[in-house]
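Open the model in your viewer and keep the selection box handy. We'll go from stop to stop, picking something new each time.

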Amino acid sequence: MGRKRGSGHRGAGAGGGKDKRRQGQLDKMERFTSDMNSALDGSVEDEAGACGGDDVKFPCPLAMWDLGQCDPKKCTGRKLCRMGYVRPLRLSQRFGGIILSPVGTRCVSPEDREIVAEHGIAVVDCSWNKLEETPFHKMKGSHLRLLPYLLAANPINYGRPCKLSCVEAFAAIFYIVGYEGVGEHLLSKFRWGGGFHDINAVPLQLYAQCKTGSEVVEAQQKWIEQCKTPFSAESAYFREIVAEHGIAVVDCSWNKLEETPFHKMKGSHLRLLPYLLAANPINYGRPCKLSCVEAFAAIFYIV
């Protein structure tokens, strides 16, 4: 009898302690997000980075299964590991937070906010060309998720749908679940990082306004359909911008995107071109690798 009463007492205390820890973790995330948002607001003109140095203590666990398929010099996940933001996971090691995986059956959504705050996020660092060889079944956890439709801003897959780097994947989840400042903090560690939000501002806002994964999927489908309609009301809006303010392009080598300081080319209307084939002699027939004149002409055709 005594042992049973004692056992019950410990159980109740453990439950209360768990609730306190959960609330403490949520409060820590809120404070960190508030601090990051304040830092961003106060350093809009600071080109060195909007969120301070690398000594910031991150508020929730970030992890990564690294399969060694990517160039270590270009891997954003490995850079975050070196900076102390992300810890590597062994292949069969279990992770308790959100896991981004192609074998997930649900889309990440704002209802995952508490899971992210308490248990964090894990991604799989593998080559997009070797997905069939990747042992996703060995990366175990209870919260496997998919990301909705977003465009990559990283130099390797710039403008390509869904082919995000590790840091973009982390940031996308933070945006969607309501921790925008946390995502901005991670992206600020990369020269091109600010472009991710610029080119995905509309869909990220749409996804963040949803409640469940199914609502995110519906918002995704509506956004994709809108993107397929070249002469929509939004195109009419861009037509006015072009007529009144014009067009600017960046003349750089496609092989040197990583060295290009895109963050220094500032304006309010950063845009991507849709899928088009190049006709110039250097990149004839290659998708998206347009010359400057082709880029100008494409915009004029579209609007």
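**A tour of the helices**

Start with H4 and H5: H4 passes H5 in a left-handed crossing, left-handed being when the near helix is turned anticlockwise from the far one by less than a right angle, and right-handed if clockwise. Helices here are DSSP runs of H or I with at least four residues, numbered from the N terminus.

Before going on, some housekeeping: this is a predicted model, where local features need pLDDT of at least 70, side-chain atom pairs count only at pLDDT 80 or more, and totals for chains, interfaces and linings use all residues. Residues are numbered from 1 along each chain as its sequence is written, and side-chain values use heavy atoms, with hydrogens and water left out.

Select residues 180-187, which is H5; its axis and that of H4 come within 7 Å and cross at roughly 165° (axes are lines fitted to C-alpha atoms, for helices over the stretch in contact, and angles run from 0 to 180 degrees between N-to-C directions). That makes H4 roughly antiparallel to H5 (over 145 degrees; under 35 is roughly parallel, 65 to 115 roughly perpendicular, and the rest oblique). Show side chains for the contact (heavy atoms within 4.5 Å): H4 brings Val167, Glu168, Phe170, Ala171, Phe174 and Tyr175, while H5 offers Glu180, Val182, Gly183, Glu184, Leu186 and Leu187.

Stay on H5 for a moment. Which of its residues are buried? Pick Gly181, Val182, Gly183, Glu184, His185, Leu186 and Leu187. Buried means under 20% relative accessible area, exposed over 50%, and partly exposed in between (1.4 Å probe, protein chains only). With 7 of the 8 residues buried, H5 is largely enclosed by the rest of the structure.

Next, keep H4 (residues 166-177) and add H6 (residues 194-208): they pack at an angle of about 40°, with axes 9 Å apart. H4 and H6 are therefore oblique to each other, and H4 passes H6 in a right-handed crossing. Where they meet, look for Glu168, Ala172, Tyr175 and Ile176 in H4, and Phe196, His197, Leu204, Tyr207 and Ala208 in H6.

Now jump to H9, residues 292-302, and colour its buried residues: Glu294, Ala295 and Ala298. They span an arc of only 100° around the axis, so they sit on the same side of H9 (the arc is that of the directions from the helix axis to the C-beta atoms). On the face turned away from that buried side you'll find Val293 and Phe300, both exposed.

Last stop: Glu118, in H3 (residues 113-119). Glu118 is partly exposed, at 23% relative accessible area. Draw a C-alpha to C-alpha distance to Pro61: 8.2 Å in space, though the two are 57 residues apart in sequence.

Key. Helices (H or I, at least four residues) and strands (E, at least two) are DSSP runs, numbered from the N terminus.
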